[in-house]
Amino acid sequence: MKFKSGFVAIVGRPNVGKSTLMNQVIGQKIAIMSDKPQTTRNKIHGVYTNNQSQIVFLDTPGIHKRQSKLGDYMNSTALSTLGEVEAVLFLVDAAEGMGGGDRYIAEQLNNVKTPVILVLNKIDKLEPEALLPLMAEYRKLHDFAEIIPVSAKFGSNVNTLLDQLQKYLPEGPQYYPADQITDHPEQFVIAELIREKILHLTREEVPHSIAVAIEDMKLEPNGVVHVSAVIFVERDSQKGIIIGKQGALLKEVGRRARTDIENLLGSKIFLELWVKVKKDWRNQDRVLRDLGFHKDL
């Protein structure tokens, strides 16, 4: 059997489980998860390899109503992937049902020639008898190549999805070593893991006003990896929220992030976190470029 390889984009509204599906397929956390929408800001590349094939998944930002230049970047990032891949996974929340955002994305998908597989996620929350009518409703939006119900959270039917993807892959090389699960540098994943903990511990508008940058990362003589990270916020009041009373919240962010980072690196780490204010950074082209969001902004 000849080896097959290719790229697959995961698109969908915010908070439908795209990162959860990516992590389930890869078997390790590389994309952060939160119950807050717009968690993913960049195209996260996850690499799945077996004896017959290699699939490079692109977990895109959720397509949403734009409210800032960062929002513009997130939408353009998601939509730009559609012509670059062998297949598109259109992920929807089956338990929530079809919404206006799903219809908007389906309209965009009607303009691409790439095969689109509709993935009905969160079927663990759906009554079985509701599945067939829902599939029929979505068929009216687009001529889907496949419709596959899954539970990304519990892994239900995910192997079936992977099996079906094989037929859309061309014969090709193994782009990455078999044990590599992402093409992003470790610093990127570490920054995302820190941001995930802040999303879990804060409320209201603070989550969308933060960015994390790794300023320094080095291996000490005792084998401990020293990581220095800066958390950027837009206002002084947000800085106080992130730090918390007597530094309590920032310490908890560090404690939770340290566990995931040590699992990622396979070594002990010393994590330093700083909080700095960058006024209205989400609408500043230079700052967005510095934070790695888009070279062409």
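In the predicted model, Asn 157 is partly exposed, with a relative accessibility of 32%, and is placed in the loop that runs between strand 6 and helix 5 (158-165). The backbone of Asn 157 adopts a phi near 70°, a positive value in a residue other than glycine. Most residues other than glycine have a negative phi. A positive phi, of about 55°, is also found at Gln 246, which is likewise not a glycine. Gln 246 belongs to the loop between helix 7 (236-243) and helix 8, and Gln 246 counts as exposed because its relative accessibility is 75%, a value over the 50% limit.

The protein as a whole contains nine helices and nine strands. Of its 297 residues, 51% are buried, and the surface that the protein exposes amounts to about 14,100 Å², of which carbon and sulfur atoms supply 48%. When contacts are restricted to residues at least 6 apart in sequence, 71% of them join residues at least 24 apart.

Nonpolar side chains tend to be buried together in soluble globular proteins. In this model the largest nonpolar core comprises 26 residues, and the members that touch the most other members are Ile 194, Ile 198, Ile 242, Ile 261 and Leu 271. Two or more residues are given to this core by each of helix 6, strand 7, strand 8 (225-233), helix 8 and strand 9, with helix 6 providing the largest share, seven residues. Another core, of 24 residues, lies apart from this one and includes Tyr 48, Ala 87, Leu 91 and Ile 148.

Strand 8 also holds Ser 228, which counts as buried because its relative accessibility is 10%, under the 20% limit. Beyond its neighbours within four places in sequence, Ser 228 is in contact with Ala 213, Ile 214, Glu 215, Asp 216, Glu 272 and Trp 274. One of these partners, Glu 215, takes part in a salt bridge with Lys 276, in which the N to O distance is 4.0 Å. Because Lys 276 lies in strand 9 (residues 269-277) and Glu 215 in strand 7 (residues 211-219), this pair ties together parts that are 61 residues apart in sequence. Lys 276 is partly exposed, at 38% relative accessibility.

In total, 12 salt bridges are found in a search of the whole structure. Two of them involve Lys 197: one is formed with Glu 196, the closest N and O atoms being 2.9 Å apart, and the other with Asp 260, for which the corresponding separation is 2.6 Å. The latter pair links distant parts of the chain, since Asp 260 is in helix 8 (residues 248-265) and Lys 197 in helix 6 (residues 186-201), 63 residues apart. Both Asp 260 and Lys 197 are buried; the relative accessible area of Lys 197 is 7%, and that of Glu 196, which is buried as well, is 1%. Elsewhere, Arg 13, Glu 96 and Asp 102 are joined into one network by salt bridges that share partners.

Helix 4 (residues 131-139) was examined for the distribution of its buried positions, which are Leu 131, Leu 134, Met 135 and Tyr 138. These residues cover an arc of only 100° around the axis, so they fall on the same side of helix 4. The exposed residues Leu 132 and Pro 133 are carried by the face of helix 4 that is turned away from this buried side. The packing partners of the buried residues of helix 4 are strand 4 (87-93), helix 3 (100-109), strand 5 (116-121) and strand 6 (146-149).

Key:
Residues are numbered from 1 along each chain as its sequence is written. This is a predicted model: local features need pLDDT of at least 70, side-chain atom pairs count only at pLDDT 80 or more; totals for chains, interfaces and linings use all residues. Side-chain values use heavy atoms; hydrogens and water are left out. A salt bridge is a side-chain nitrogen of Lys or Arg within 4 Å of a carboxyl oxygen of Asp or Glu. Buried means under 20% relative accessible area, exposed over 50%, partly exposed in between (1.4 Å probe, protein chains only). Helices (H or I, at least four residues) and strands (E, at least two) are DSSP runs, numbered from the N terminus. The arc is that of the directions from the helix axis to the C-beta atoms. Contact means heavy atoms within 4.5 Å. A nonpolar core is a set of buried Ala, Val, Leu, Ile, Met, Phe, Trp, Tyr and Cys residues joined through side-chain atoms within 4.5 Å. Accessible areas come from the Shrake-Rupley method with a 1.4 Å probe; for residues, only the protein chains shown count as cover.
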